[in-house]
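Work through the exercises below with the model open. Try each task before you read its solution.

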Amino acid sequence: MPETMIVSRGLRRVYKTNRQEVEAVRRVDFAVEQGEIVGFLGPNGAGKTTTLRMLTTLLEPSGGEAMVAGSDLRLDPLGVRRSIGYVAQGGSTDPEVRAGEEIVDHARMYGTELSVARGNGEALFRQLDLDGMWDRRCKTLSGGQRRRLDIAMGLVHQPQLIFLDEPSTGLDPQSRANLWEHIARLRTDLGTTVFLTTHYMDEADVLCDRILVIDDGLIVAQGTPDGLKRKVAGDSVVLSLEDQRSTVVVAELVSHLEGATEPVIDGTEVRFQVPEGASALPMLLRAMVERNVDATGVQVHRPTLDDVFLIMTGRSLRDGAESATDRAAA
Amino acid sequence: MRFMTDTWLVFSRAMRLSLRNPVWVILGLLQPILYLTLFGPLLEPVANAPGFPPGTAWQVFVPGLLVQLAVFGAAFAGFGLIAEWRAGVVERMRVTPASRGALLLGRVLRDVVVIVVQGAMLSLVAVVFFGLEAPMGSLIAGVAIVALLGGAFSALSYGTALKLKSEDSFAPVINGLLLPILLLSGILLPMALAPGWLQTVADVNPLTHVVDGVRALYIDDLASNEVVIGSAVTVGLLLVGVLYGSWVFRKESA
């Protein structure tokens, strides 16, 4: 098994419409190590799905190169197809076909023996809470069941690397949490490398070891969820104090704190940002005790990935989604 | 070897669905049988008119119906593929190492089998109830030629469907092409009755030669030019269809 599962160098994709060329993906450089769960984050229309479709051999890149699961994307697409699984955004099953037939047939297309295909399929049905669904037609499954079936299909040939395009879109909160558990277990139980796209911040935050932020066809940031958040903005700290006199004392203490921003006094509250709120606060509180100042309340607000995205791209994820819809409607 | 296994997989998946709903095979037969019952008798008195090709009314008419059955049945196969594409099935299969040609050919093969069944049933009805007279070998060869023709049209239909990806544009394209092709092939009435200019146009239409070929088969003219040309045209169409279809399956971003 290759140690680096994906290496993308300068991958780009241009769509030609009647008169103009549209650069859906301008330049994408990144690497994914074996066993990582990496999230590809960005608003609709940022180039997530186009990049994914290039990496899964569905779309020919207009430029650049990539190694996927140890095979060269351009020279050996068949080698790539053999080693990866792909779960598309819009589903993958025929409404009229029975779930069990669909998964067995799919495994057989990878050259899996019939008995092995059936065994793998049945095991995945158990793991993904699809017990009793084997003989049901796909159209009779609920949205969540059908999504889990898609994922089971993507896994049935036991790929080293699986691509999940918006795996939890359209699921209710409980099914989403359930799905996250399953995805996290892929790595711990099977050592599968997972590359997923999402435009849900919480999903990327909970699930991913590392995040790539894509906007307008370019990767604008990458790192661990915590690292990204630290890089962009520190923790926000709000201290509530007993009186105005205390705020002046505390403000003075804060200005000596390493890395802290200029404190803002708001009534009896002092607000500031500091890179590591959790480690800075105990020091500050100890200093306050020495100066005989009591805090009546402390709030540490961790920055969300939404903050990160806002600062990286100048707009929030939701704005991006809206403008993409507007463009589609226009 | 790999190609054969993949084709078989795609074929059996498609066939399983057709067998689960055999009603469609019967419904597809309804139209030619209506023609046989309600239009065929009109031809009997005309069969002796000057210019009518050799053979009885049924020997002239049934080959036309067989061709129509195959072409119509196959040309609309693309609708099913658009539905599959929309459900994500086509893309899912294209990410597997399965041969792209097999993804097409397995589906085409299913359509060919359906046409063989329908063609055999139609021939049987024509012989038993309408007094069609033709040697057994000719009847079988007729169904075989028509099945290959159906394969050609189903491959063309799948290719076009995957290119257009929308029922709304697929339907008018197929209807717009089918009607003139069928009218100009002398399916209902032989083109020998047509004025000169119409005959010239019809001669360019490959289907004319397929229909003429099966007609020649039915009057036991096995070694005639018509049979040779008709079979050659059918094989040619099949080749074009399969090449075009697999090209689309390979190229098209589904």
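**Exercise 1: A loop residue in chain A**

Task: find which residues Asp135(A) is in contact with, leaving aside its neighbours within four places in sequence.

Solution. Asp135(A) is in contact with Arg98(A) and Gly100(A), once neighbours within four places in sequence are left aside. Two residues are in contact if their C-beta atoms, placed from the backbone, lie within 7 Å. Next, place the residue: Asp135(A) sits in the loop between helix H4 (114–127) and helix H5 (143–155) of chain A. Helices (H or I, at least four residues) and strands (E, at least two) are DSSP runs, numbered from the N terminus. Then check burial. Asp135(A) counts as exposed because it has 9 C-beta neighbours inside 10 Å. A residue is buried if 20 or more other C-beta atoms lie within 10 Å of its own, exposed if 12 or fewer, and partly exposed in between, with C-beta atoms placed from the backbone. Last, take a distance: Asp135(A) and Arg13(A) are 122 residues apart in sequence and 41 Å apart in space, C-alpha to C-alpha.

Before going on, note the conventions. The model is predicted: local features need pLDDT of at least 70, side-chain atom pairs count only at pLDDT 80 or more, and totals for chains, interfaces and linings use all residues. Residues are numbered from 1 along each chain as its sequence is written, and chains are lettered from A and ligands numbered from 1 in the order in which they are written.

**Exercise 2: Positive phi**

Task: examine phi and burial for Thr57(A) and Asp129(A).

Solution. Start with the background: most residues other than glycine have a negative phi, and most peptide bonds are trans. Thr57(A) is not a glycine, yet its phi is positive, about 70 degrees. Thr57(A) lies in the loop between helix H1 (48–55) and strand E4 (63–68) of chain A. Thr57(A) counts as buried, with 22 C-beta neighbours inside 10 Å.

Now Asp129(A). Its phi is positive too, near 55 degrees. Asp129(A) belongs to the loop between H4 and H5 of chain A. With 14 other C-beta atoms within 10 Å, Asp129(A) is partly exposed.

**Exercise 3: An enclosed helix**

Task: how many residues of helix H3 (residues 99–108) of chain A are buried, and what covers them?

Solution. Nine of the 10 residues of H3(A) are buried, so the helix is largely enclosed by the rest of the structure. Among the buried residues are Glu101(A), Glu102(A), Asp105(A), His106(A) and Arg108(A). The cover includes H4 and H5 of chain A, together with H1 and H6 of chain B.

**Exercise 4: The side of chain B that touches chain A**

Task: describe the contact between the chains, beginning with residue counts.

Solution. 17 residues of chain B are in contact with 23 residues of chain A. Helix H1 (2–20), helix H5 (77–87) and helix H6 (89–94) of chain B each supply at least two residues of this side of chain B. H6(B) gives the most, with five residues. By class, the residues of this side are eight nonpolar, three polar and six charged. Here Ala, Val, Leu, Ile, Met, Phe, Trp, Tyr, Cys and Pro count as nonpolar, Asp, Glu, Lys and Arg as charged, and the others, Gly among them, as polar.

**Exercise 5: Chain B and its core**

Task: characterise the fold of chain B, then find the contacts of Val146(B).

Solution. Chain B has 12 helices and zero strands. Buried residues make up 46% of its 254 residues. The C-alpha atoms of chain B fill a box of roughly 60 × 40 × 35 Å, taken along the principal axes.

Take one helix. Helix H7 (residues 100–130) of chain B has 31 residues and reaches 44 Å from its first C-alpha to its last, close to the 45 Å expected at 1.5 Å a residue. The expected span is 1.5 Å times one less than the number of residues. Just after H7(B), Gly131(B) takes a positive phi of about 70 degrees.

Now the core. Of the 71 residues in the largest nonpolar core, Leu66(B), Val67(B), Ala70(B), Val146(B), Leu149(B) and Val214(B) touch the most other members. A nonpolar core is a set of buried Ala, Val, Leu, Ile, Met, Phe, Trp, Tyr and Cys residues joined through C-beta atoms within 7 Å. Beyond four places in sequence, Val146(B) is in contact with Leu66(B), Val67(B), Ala70(B), Ile115(B), Gly119(B) and Val214(B). A second, separate core of 65 residues includes Val32(A), Met54(A), Ile162(A) and Ile211(A).
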